[in-house]
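Colleague: I am new to reading models like this one. Could you take me through it?

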2 protein chains.
Amino acid sequence: MKTINGTIASPKGFYADGFHSGLKRKRKDIGWIYSEYPAQAAGVFTTNAVQAAPIQVTKQALKSDYLQAIIVNSGNANACTGKNGLLHAQEMQQMAAQKLGVSSGSVAVASTGVIGQELPMTTIKKGIFGLNKTEGTPGHFHEAILTTDTRTKEIVVMSEIDGEMVTMAGVAKGSGMIHPNMATMLAFITTDAAIKNQLLQETLKHITDQTFNQITVDGDTSTNDMVLVMANGAAGNPFIQKESEGYQEFTAMLRVVMEELAKMIAQDGEGATKLIEAAVTHAKDQLTARMIAKKIVGSSLVKTAMFGADPNWGRIICAIGYADPSIDPEKVTISIGGLPVLINSQPQSFDEMKMREILVQDKIMILVDLQDGTKTGTAWGCDLTYKYVEINALYHT
Amino acid sequence: MKTINGTIASPKGFYADGFHSGLKRKRKDIGWIYSEYPAQAAGVFTTNAVQAAPIQVTKQALKSDYLQAIIVNSGNANACTGKNGLLHAQEMQQMAAQKLGVSSGSVAVASTGVIGQELPMTTIKKGIFGLNKTEGTPGHFHEAILTTDTRTKEIVVMSEIDGEMVTMAGVAKGSGMIHPNMATMLAFITTDAAIKNQLLQETLKHITDQTFNQITVDGDTSTNDMVLVMANGAAGNPFIQKESEGYQEFTAMLRVVMEELAKMIAQDGEGATKLIEAAVTHAKDQLTARMIAKKIVGSSLVKTAMFGADPNWGRIICAIGYADPSIDPEKVTISIGGLPVLINSQPQSFDEMKMREILVQDKIMILVDLQDGTKTGTAWGCDLTYKYVEINALYHT
């Protein structure tokens, strides 16, 4: 497998475009992905009881045999908008289908932005009208889905599966209200591999638990989280069978794409200056390992300490202790950026200059050894900064 | 029942003092409470797997028949300090017992401050030596237990129980690492009422769940949380019996003391400019109501919105939705400071000037009606500000 430069339209048979319709003041705010072949598809969604209208429409679309397009707007989440919201999401789906010449049931819809305001449908219509079907600029799609993100997030990988070169691309947006549970903010993955809906769904769910569900920016699970995968089979490989070598490779590709996107979302968390990775090893089970890792990167006190470049392991062990009251604190070992700070619960002295160098990097690795089993879990987050407070105190409704 | 001005030593037979020993640079850092009569006692403690040494010593002391004193230091949490930490906590207990002329098993120990540093025992000894037994200044105790608090927190109430005037006083410290679970940061309650250990413990636990366990500042559950109550019987009432009228009055007093202290801790959360109260009504059960209320006041996005004086109800309903994915969003009604912003999930227009006036107050009330049952739950938190980030990024270990 290798990573290449590319876009969400790098896999064969995919096209994408983005456009400024006026939902946002200046930046692009509407985009689509189109596959010239019907694509097998899978999706995972927010577990929030409050589900935005596009989530409901897209869940319905996934029940059909295939997807052929995804239409996305930013600037307005179309959430908590009642019956009108649902009508608007359906209208968006129909307009896109009509312009692309596909059935409306094969179009997924996603929205992100402010909660509780009705979608201005004239603007949406103008946006869909402005999008290109096969002559668009795929990178504009990457821009069109952003909200408070400071950069686009994409990754493209290639590998051989069952004798054919397969390409897989992913694009995501994140920044705030990021504490996914069963899904994340918006992420779209395209591939020209051939794999059937059911196996794709099962694989997506499994990898989501290890990647998107293991990031946190602010502990808030959004009403609009969605990850969609489209696999249009244009690579020409036979349908991937479970347990096969090709499946292993496909899973590896999907894992790289999803893990990298997840890390990009955490690193570009609102106001963040650095990515924090917590890896918990030798836990009694995988869920415990993941949960402890997520509590560490979710702790406001750990997040502010990392912002302040302070190796405050007291806050780390405190987070471990409340994450799982059944752990044995006497066995806990913690290192930061490879430097041990606590071994078997005994504080260690360390080279302060070296620690300082580690803590001013833009990626910080916290490693925890529980000495209580064989399982491992990793989570990603970011530091908590003045900028986070500024962004969210000044973002007025 | 009436609230009076007073101190932790207002109930008959109690004395208290505080002193600057040198654990902190300038402010008072050690204090004690002493009862001339053996007191029935009860305590609740952190559920963090990592329990500071003084927690272990005090749990042991509570197994004896009575308590006669509490010795407390700030500036150093004596947590994650291994075997030496335990020896130091025991030594602190013995020194205090000796100077007060009581048995060491009747002395509770509490510490708060930095995690992972050994207690400087010479300084502690100097501190205990400097404290007065019966001629101290009780208000100095209130000061001696503070860390990043900006003010002392105390309340004194009086009422008649079974024909005798009973006084109850409480003092607490909070500010950071506040997300109690089964207990809180340090809180000490004294009363001259007569009530036996077991009933006192049961009552304390019950009211803790509705008060201290319902506040959050930063979502981090400390290693040192502790609430202790001492009841020395000096008021002369017969031992309070469960289900009696006197018990109702005692419970009411304890609830007022604990709820007021809990709110003072939330309001004085690190960097906070305002207290946020969330009350959830018509929930299907009490636990759900409390949990949703706590998620609302714990949401970083709600907290920053309140700091920014933004009536962002989208973030409130989002928090409700992830707190309990089984609620019916169509039935949710939300008001802020008495102004309805959402009725049966329909956004309401409101007087923006009036809302602005509400949101710049130092107490903001969020009321949620789930229309799904009869139970109610309340939680208290504070806003998330630049100052919180500053305090915790600059607080170096």
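Modeller: First, a definition: Lys and Arg count as positive and Asp and Glu as negative, while His and the chain ends are not counted. A charge is placed at NZ of Lys, CZ of Arg, CG of Asp or CD of Glu. This is a predicted model, where local features need pLDDT of at least 70, side-chain atom pairs count only at pLDDT 80 or more, and totals for chains, interfaces and linings use all residues. Residues are numbered from 1 along each chain, chains are lettered from A, and side-chain values use heavy atoms, without hydrogens and water.

Colleague: How far apart do the centres of the positive and negative sets lie in chain A?

Modeller: Chain A carries 35 positive side chains and 40 negative ones. The separation of the two centres is 6 Å.

Colleague: What radius of gyration does chain A have?

Modeller: The radius is taken over C-alpha atoms, and the globule rule is 2.2 Å times the number of residues to the power 0.38. For 397 residues, a compact globule would come near 21 Å. Chain A agrees with that, at 21 Å.

Colleague: What share of the residues in chain A is buried?

Modeller: Buried means under 20% relative accessible area (1.4 Å probe, protein chains only). Of the 397 residues in chain A, the buried share is 60%.

Colleague: Which residues of chain B lose the most area to chain A?

Modeller: Buried area is what two parts lose on being put together, summed over both (1.4 Å probe). Chains B and A bury about 4,100 Å² between them. Three residues in chain B, together 14% of what that side buries, lose the most: L301(B), Y386(B) and V389(B).

Technical notes. Buried means under 20% relative accessible area, exposed over 50%, partly exposed in between (1.4 Å probe, protein chains only).
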